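Student: I am new to this structure and should be grateful for a close look at a single part of it. Please then connect that part with the rest in one continuous account.

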Amino acid sequence: MLRKTASIEQQPVWSPRHSSELYRVEDWGEGYFRINEAGHIGVRVDATEERELDLLHIVEGLRARDLAPPVALNFVDILDHRLKRIYTAFEAAIEENAYKGGYQAVYPIKVNQQRPTVEAVFRSGARYGFGLEVGSKPELMASLAVSTGAPERLLICNGFKDRSYIEAAILATKLGRNIIPVIENRRELRMILEFSELHQVRPRLGVRVKLSSRSMSRWGDSVGSKAKFGLSLSEVLEVFEELQRHRMEDCLKLVHCHAGSQIQDIRYIKGAVGELSQVYCELAAMGAGLEYIDVGGGLGVDYDGSQSDTPSSINYTLEEYASQIVYRIASACDGRGLPHPTIVTESGRALATYQSVLVVEVIGRSDPSVLGRTLDLSTIDRDAIAEHQPLADMLEALESVAPDRIAECYHDAVEARRQAMQLFSVGYLDLLWAALAEKMFHAACLALVECGSEMNEPPEEVETIRRSLDMVYFCNFSLFQSLPDVWAIDQVFPVMPIHRLDEPASRTAVLGDLTCDSDGKIDRFIGEEGIRPALDVHELNQAEPYYLGVFLVGAYQDTLGDFHNLFGDHHVVHIRATEGGAWRIEDYVEGDTTQDVLSYVRFDPKGILRALTDDCESAVAEGRINLEESRVLRRFYRTELQGYTYLD
Ligand code: PLP
């Protein structure tokens, strides 16, 4: 590809293909994203060229409907396709291993609880018999409602349970639901026994096993002796014996484990499934009525496209994942002469991630190199400079930049700036000279980068200097609300412009959000050679908005977001592809208004308006403002309370 070395402008022609390589779209896009001939992102909703949508056109279409960025676009067809992909992978593994049991996925709704998403999964999953997984009472209530009319579909209840959670699950069995409360501790077992007797129900039960094999993932603590959830092997035995005492061993239908989310290395999946399979076989041999083996979630996503066992990637494919699970369960059962159970997975991330793209608009920038560019050496008073040692040193460093002196000049400039600022802070250097020192420092940095970019092997300082000159592109969104994992766990998501990809991106920038928090920035991006601290971006121009897309954000981001600075939920629009590149809005959830977020923190919007009106009345009475000014101020309040929390 064209290298972004000396000067990208010198390159003859920049095509969408070059942008595709620059942002590594093919590596992380799974066939769902590409760059089209117009230089826009094309969304291939079922990973084929027949059904491709133009992302920029969608954003413009939404803007025309008052759904301006920040907006998350959920592609319903991608979700359908993911369901199919996961099912097909297990179907192939089942055939390859001559497995005699079936496969069913359950969707853990915590991953993305948006009603349209849960309903879409349930609807599209019908043809594969997929069910739902819940981890709390509110999730149970939502799932019981979504699954009316399909009582046979699995409903797995994980998480800590109280009496009402358990009673609801037992009663749902009476409704005819295929609901399986998974026992996490002995207290839950006692409540299950009590309510089963009270309501005369033979429940279908599961046990969650605390695995000993630790997994390599950010959530590796989900297993091991200190894991929050599940029963140790001896507790599993005690639970089983208790069921036997109540002649309910046939009620134990499922064994379950969850080895952590985003498991990077296939070895840990093999270990966990191997261990769980042995528990399954032991309990089945002792007479449990087992039908299912549930290996939980953990199937990872290759966010950075590196196919490696690093936190933002995975070193296996979906097919390998399915094949290893089926093979290990089959071998354990065959070794004990036991029938093959139905395999259940609770993959959330791998299912929901690809469907969603967050689009944000760049609303401004800060460019540290401007300081250096505006320095005109011919106008400076050299005699006066000579009287201020740090400035004289800085000038010397600036004027002696040469390929063999890059490190030296840089260190001299850094030291000169430090001294200048120290003198300024104690009052020995006035503001004019301190400002000149700052300008000269940036001019030196620019000269050093330019000099370094003409060298084949520039010293490492050049990269440090280059980074210090990175621009900040300010984007209309809140990182804490829309991409909480970037802040909380340094998650790397693919980020790139969604248009102008037929032009070279001539600058680099980190991205800043709207919050007054220095953590509200993105400074880790996918690059040609791994993670990079800045993104290749285009120069902003007044004539058109500049949009960036953050991809693969369909899992966990929506509900983990918070209200830092009272920026509320962004708009979420569920898009369905129709024929010939057309699309329609299948559903949408408008983002929070200002009065919504104020109410969350117990401000009464009507009270706010009243307080302001009283204030205006007093000001009018005292002649500080006139009636017209009072009207403008009250109108501003009324309109803004009903408006989006982001910038217009
Ligand atoms: N099942 C359980 C019990 C979980 O706790 C989780 C998430 O942590 C999942 C399934 C979903 O995991 P993933 O999104 O990695 O597939």
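**From one loop to the ligand**

Tutor: D66 counts as exposed, because its relative accessibility is 67% (exposed means over 50% relative accessible area, buried under 20%, partly exposed in between, with a 1.4 Å probe and protein chains only). The model is a predicted one, in which local features need pLDDT of at least 70 and side-chain atom pairs pLDDT 80 or more, while totals for chains, interfaces and linings use all residues. Residues are numbered from 1 along each chain as its sequence is written, and side-chain values use heavy atoms without hydrogens or water.

D66 sits in the loop between α3 and β4 (helices are DSSP runs of H or I with at least four residues, strands runs of E with at least two, numbered from the N terminus). The backbone of D66 has a phi near 65°, a positive value in a residue other than glycine. P70 belongs to the loop between α3 (55-64) and β4 (71-75) as well. The peptide bond that joins P69 and P70 is cis, with omega at about 10°. The loop between α3 and β4 therefore holds D66, which is exposed at 67% relative accessibility.

Another positive phi belongs to E30, at about 55°, although E30 is not a glycine. E30 is placed in the loop between α2 and β1 (33-35). Its relative accessible area is 36%, so E30 is partly exposed. On the other side of α2, the loop between α1 (16-22) and α2 (25-28) contains R24. R24 counts as buried, because its relative accessibility is 12%. From there the side chain of R24 reaches the backbone oxygen of G527 at 2.8 Å. This is a polar contact (a pair of N or O atoms within 3.5 Å; within protein, one must be able to donate a hydrogen and the other to accept it, and residues adjacent in sequence count only if both atoms are side-chain atoms).

L375 offers another loop position, between α13 (369-373) and α14 (382-386). With a relative accessible area of 15%, L375 is buried. The C-alpha atoms of L375 and K439 are 6.3 Å apart in space, although 64 residues separate L375 and K439 in sequence.

From the loops, the account turns to the strands. In strand β5 (residues 103-108), five of the six residues are buried, so that this strand is mostly covered. β5 runs parallel to strand β6 (residues 131-134), and three bridges join them (two strands pair if DSSP finds at least two bridges between them). One of the bridges has V106 as the partner of G131 in β6. Helix α5 (residues 115-124) joins with β5 and β6 to make a right-handed β-α-β unit (with the strands pointing away from the viewer, the path from the first strand over the helix to the second runs clockwise).

β5 also pairs with strand β12 (residues 342-345), in the parallel sense and over three bridges. Here A105 stands opposite T345. In a regular strand the side chains alternate between the two faces of the sheet. Both faces of β12 are covered: T342 and V344 are buried on one side, and I343 and T345 on the other. Strand β11 (residues 292-294) is a further parallel partner of β12, over three bridges. Y292 in β11 has T342 in β12 as its bridge partner. Between these two strands the chain passes through helix α11 (residues 318-336), and this β-α-β crossover is right-handed.

The ligand is surrounded by 15 residues (each has a heavy atom within 4 Å of it). The closest are S261, E346, G348, R349 and Y556. S261 places a polar side-chain atom 2.5 Å from an oxygen atom of the ligand. The side chain of H258 has an N or O atom 3.2 Å from an oxygen atom of the ligand. G298 contributes a polar backbone atom, 3.0 Å from an oxygen atom of the ligand.

The whole chain provides the setting for these parts. Its secondary structure comes to 24 helices and 23 strands. Of its 648 residues, 55% count as buried. Along the principal axes, the C-alpha trace spans about 100 × 75 × 55 Å.
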